[in-house]
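Dear colleague,

Please find below the structure that I am handing over to you. My findings follow directly after it.

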Amino acid sequence: MEKRKASRPRPKATTPAHKHGKGRCVAILRKLSAYLDDELSGEICSDLRRHLGTCPNCEEFLTSLRQTVTLCRHQPAPALSSAERARMRANILRAARPR
Ligand SMILES: [Zn+2]
């Protein structure tokens with residue numbers, strides 16, 4: 001995998017892996033559904049990938065989420081309203097939130 005120098009200054013380049021139970025994972029997971037929808041900018045994608053590289057829990061979650069999305073896309077998709085999409089995302093986040 002190629003490494004690209006971040007154009008944005010990073011205050012803590014050597015930050016250890018985040019702790020679960022804090023907001024970091026939830027913030028990441030919140031972006032994951034958009035990531036799967038290809039709605040994120042490349043910069044945020046690389047930020048997510050960096051997190052996923054240090055976080056087995058989130059990576060595992062992304063894998064299962066991606067499988068779910070793939071399954072859904074194989075179905076003749078019913079038209080989802082934006083309200084339904086928002087509700088699904090909220091459910092995903094609730095399921096992923098550490099207790
Ligand atoms: Zn995480």
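Which handedness does the crossing of α1 and α3 have? The crossing of these two helices is right-handed. Please bear in mind throughout that the model is predicted.

Overall architecture

The protein contains four helices and zero strands, and along the sequence the pattern reads α-α-α-α. Of its 99 residues, 22% are buried. Among the contacts with a separation of 6 or more, 67% are accounted for by residues 24 or more positions apart.

The nonpolar core

The largest nonpolar core has 16 residues, and those that touch the most other members are Leu29, Leu32, Tyr35, Cys58, Phe61 and Leu62. Two or more residues come from each of α1 (23-36), α2 (42-54), α3 (56-74) and α4 (82-96). The greatest contribution is that of α1, with six residues.

The packing of α1 against α3

I return here to the pair with which I began. The angle between α1 and α3 is about 25°, and their axes lie 11 Å apart. Because angles under 35 degrees count as roughly parallel, α1 and α3 are roughly parallel to each other. On the α1 side, the contact is made by Cys25, Ile28, Leu29, Leu32, Tyr35 and Leu36. On the α3 side, Cys58, Phe61, Leu62, Leu65, Arg66, Val69 and Arg73 take part. By class, the residues of this contact are eleven nonpolar, no polar and two charged. Leu29, Leu32, Tyr35, Cys58, Phe61 and Leu62 appear in this contact, and these residues are also the ones that touch the most other members of the core.

The packing of α1 against α2

The axes of α1 and α2 come within 10 Å and cross at roughly 130°. The two helices are therefore oblique to each other, and α1 passes α2 in a left-handed crossing. From α1, the residues in contact are Arg24, Cys25, Ile28, Lys31, Leu32 and Tyr35. Their partners in α2 are Ile44, Cys45, Asp47, Leu48, Arg49, His51 and Leu52. This contact divides into eight nonpolar residues, one polar and four charged.

One residue of this contact deserves separate mention. Is aspartate 47 buried or exposed? Aspartate 47 belongs to helix α2. Its relative accessibility is 15%, and buried means under 20%, so aspartate 47 counts as buried. Not counting residues up to four places away in sequence, aspartate 47 touches Arg24 and Lys31. Both Arg24 and Lys31 are among the α1 residues that make the contact with α2.

The packing of α1 against α4

The helices α1 and α4 pack at an angle of about 145°, and their axes are 10 Å apart. In this case α1 passes α4 in a right-handed crossing. Here Val26, Leu29, Arg30, Ser33 and Ala34 of α1 meet Arg89, Leu93 and Ala96 of α4. The classes represented are five nonpolar, one polar and two charged residues. Leu29 of α1 thus has a place in the contact with α4, as well as in the contact with α3.

Two arginines may be considered alongside this pair of helices. Arginine 30 lies in helix α1 and, at 48% relative accessibility, counts as partly exposed. Which residues does arginine 30 contact, leaving aside its neighbours within four places in sequence? They are Leu93 and Arg97. Arginine 30 is also 62 residues from isoleucine 92 in sequence, while the C-alpha to C-alpha distance in space is 8.7 Å.

Arginine 94 is placed in helix α4. With a relative accessibility of 54%, and with exposed meaning over 50%, arginine 94 therefore counts as exposed. Arginine 94 and valine 26 are 68 residues apart in sequence and 9.1 Å apart in space, C-alpha to C-alpha. Valine 26 is itself one of the α1 residues that meet α4.

In summary, α1 gives the most residues to the largest nonpolar core. The same helix is roughly parallel to α3, oblique to α2, and packed against α4 at an angle of about 145°.

Yours sincerely

Technical notes: Residues are numbered from 1 along each chain as its sequence is written. This is a predicted model: local features need pLDDT of at least 70, side-chain atom pairs count only at pLDDT 80 or more; totals for chains, interfaces and linings use all residues. Side-chain values use heavy atoms; hydrogens and water are left out. A nonpolar core is a set of buried Ala, Val, Leu, Ile, Met, Phe, Trp, Tyr and Cys residues joined through side-chain atoms within 4.5 Å. Buried means under 20% relative accessible area, exposed over 50%, partly exposed in between (1.4 Å probe, protein chains only). Axes are lines fitted to C-alpha atoms, for helices over the stretch in contact, and angles run from 0 to 180 degrees between N-to-C directions. Angles under 35 degrees count as roughly parallel, over 145 as roughly antiparallel, 65 to 115 as roughly perpendicular and the rest as oblique. A crossing is left-handed if the near helix is turned anticlockwise from the far one by less than a right angle, and right-handed if clockwise. Contact means heavy atoms within 4.5 Å. Ala, Val, Leu, Ile, Met, Phe, Trp, Tyr, Cys and Pro count as nonpolar, Asp, Glu, Lys and Arg as charged, and the others, Gly among them, as polar.
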